[in-house]
Amino acid sequence: MGNFIGKSVKRREDARFLKGAGKYTDDIKLPKMTQVAFVRSPYAHAKILNVDTSAARNANGVVAIYTADDGCGQYGVPCGWQVNFKNGETMREPMHPLLAKDKIRHLGEAVAIVIAESLELARDAAELVEVDYEELPAVTNPRDAMEDGAPLVHDQWTDNAAFDWCIGNDRAEVEAALEAAHHVTEMEFRNQRLAPNAIEPRSYIADYDVNADKWTLYTSTQNPHLIRLLLCAFALGIPEHKVRVVSHDVGGGFGSKIYHYTEEALVTWASKEIGRPVKWTSDRSEAFLTDAHGRDHVVTSKMGFDKEGKIVAHLTDEYCGLGAYLSTFAPAVPTYLHGTLFQGVYTTPLIHLNVTAPFTHTVPVDAYRGAGRPEATYLLERMLSKAAAEMNLDQAEIRFKNFIPPFDGIEQPGYQTQVALQYDSGNYEETLKRGLEMLGYEDFRKEQEEARKNGKLLGVGISTYIEGCGIAPSAVVGALGARAGLYEVGHVRVQPTGKVSVFTGTHSHGQGHETVFAQFVADKLGIDMDDVEILHGDTEQVAFGMGTYGSRSLAVGGSAIIKSVEKVLEKGAKIAAHKLEAAEEDLEYAEGKWTVKGTDKSVSFGDVSLTAYVPHDYPEGLEPGLDFSSFYDPANFTYPFGTHIAVVEVCSDTGRVDLKRFIACDDVGNVMNPMIVDGQIHGGVVQGIGQALLEEVVFDEDGQMINASYMDYAMPRADDLPMIETDRTTTPCPHNPLGVKGAGEAGAIGSTPAVVNAVVDAVAHLGVKDIQMPLTPQRVWKAIQN
């Protein structure tokens, strides 16, 4: 019994997935269920002159058609974060309507919802809806959106800024330090917009029960309770106790399924209107146009160094696109999730980041795997490697010169950054040393020199990253603009037979919660994993919770569960002491039983559980049962870190990049299940490689997305990738009971700059200093030719 923590236990949930027995929202079939098709705008910016639904209403199988002129026109979905202007002006927060009324503000915005007996009939009828548009000029680039005379996304304001924001030291002080610096490295680039592309498209089914006056919403979300809160308190104004939100199995999210979307609220509203269940599942083309995108930063940066290569100052200005409306967490991404990580793992004494966040005629932008942290890391790691080349330093050497010294957060205090946060614990140089050893760095440099003599272009790229996870202390995020707390809930119910049901407010969409949570609960209680069930995703089963994102499930959700387990053991000890006729302090608990110290007298966890529910011989004044719930609000973020190293070969004739090796040495704190952590790292690395080499959402001058299909939007495939080599150091988090930091986003944060640094290193001797992402063969070839 027990002894599961740190073991590569195979995922329990995989058995049903491998058998095709998973239960996704699109699998659900309800009696009298209807299907939805949306009429969507073919323009990015246009006036709506007229919507004629008469022909469609008479089409075969149509149940109902609604436009913004019907009852749903008064409703919109909210934003969950507020970041005000630097001058104190309130953030500009336009209504995000469920259906567009007078104006279209992004390609694919819905104008009408068509509900029919089948999806085919709904789509046929949608084609009969006639909409007269007057197309208007559009702007999709965040920097262009702030130019004088740029087309306005929202006419009630005189420019497109939603807010501006800054963090760090006084700008004038940073500028003065740059003026005095021995060397200044400068970069200007765009961290390109990405589409999330979860394997399961978004899907929603709303079912209104007229007799009970209650709704059930089945949704492919990462956080059921947050969706219920936003839907009830802000979008539709329904009392929370009248709405049940259920999210069974979810096929990936990467952040894109955190948010409350218009379609989710609209099917909920419509289900009461027609008195029948209403279902919508996005097709892949709709997903490209309507799922919240990620990244989209236009960056200008300067970093100053002394003659030894130590950083003396860093100044950055960014234009961060938000899209046409403010998505749920959108304002947090370029601010608290991004700017607060500008220290990186370096001792930079002066930092200033200025952010301008404009609206654009595009689908909203929000958190995509890593969310602000990849953008910060890419900037820092490209600047360091570019500076190294300019100052004739090795890219590993310049990092060693600038690392924050090791600290554990206990004997040595946490490291206070220039950008608000205090890191918990870290040994940043150790992961770089380990990564260089895995590569055989000195030998590679010799191989590279020999290869160049034969016209072979080899390169190595290094990235040393840190991220803020375990999101997040409620008081801190509240001060930074959050409109909700970010604690978590863990409920542990011990059954009379000693079996354990764990209810968590986090949600699994591929992370392996049913396995990992059972591992540490079974370990703490000294019982078998098969005696522990993990339940999540249903607001009527779980009291509350804030969901899964920001690598928070184990650090925050797991800690809440541990608190409840400790309460179970504390009460169990009182019952055991009574049964053993001993004092509590004379008992020790191990291997699933309480034992009187120094004797063989013991009572098992199962016996105590039964006694708790059959309290015939029971401690006086102690209430029956073993059932506890706990809220855990973390004291700080957690700060995973690591080193990623890429080795590439570049074809000088075609510009094709062949990724030869990829090394990831990460520190995610204590590890519950090494196999699952490796899987998380692998997945993130692949997404980061995708951004470096392949992926980009491309708009034309009219705001049309010209690569909104897998025929044109390049995704990484197995033959694009080497075997990913992983290793770990362990620096426990000092402030949560599991000592964990989080692993879900690390791969996507460290990998992208490692790959780009490697490609630039391969062609640096030809005079190439930078290449804009994605590093397609065409762009690499052009850089070589130039």
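Student: Along strand β10, which side chains point to one face and are buried, and which point to the other?

Tutor: In this predicted model, His183, Thr185, Met187, Phe189 and Asn191 point to one face of β10 (residues 183–191) and are buried, while Val184, Glu186, Glu188 and Arg190 point to the other and are not. Buried means under 20% relative accessible area, with exposed over 50% and partly exposed in between, for a 1.4 Å probe and protein chains only. Strands are DSSP runs of E of at least two residues, and helices are runs of H or I of at least four, numbered from the N terminus. Residues are numbered from 1 along each chain as its sequence is written. Local features need pLDDT of at least 70, side-chain atom pairs count only at pLDDT 80 or more, totals for chains, interfaces and linings use all residues, and side-chain values use heavy atoms, with hydrogens and water left out.

Student: What makes β10 and β15 a pair?

Tutor: Two strands pair if DSSP finds at least two bridges between them, and nine bridges join β10 to the antiparallel β15 (residues 297–305). Within β15, valine 299 is the bridge partner of phenylalanine 189.

Student: Why is cysteine 79 in no disulfide?

Tutor: A disulfide is a pair of cysteine sulfur atoms within 2.5 Å, whereas the closest cysteine sulfur to that of cysteine 79, in cysteine 320, is 15 Å away and therefore too far for a bond. Cysteine 320 is in no disulfide either, the nearest cysteine sulfur, that of cysteine 166, being 13 Å away. The structure holds zero disulfides.

Student: Why is cysteine 79 called buried?

Tutor: Cysteine 79 counts as buried because its relative accessibility is 6%, and cysteine 320, at 1%, counts as buried too.
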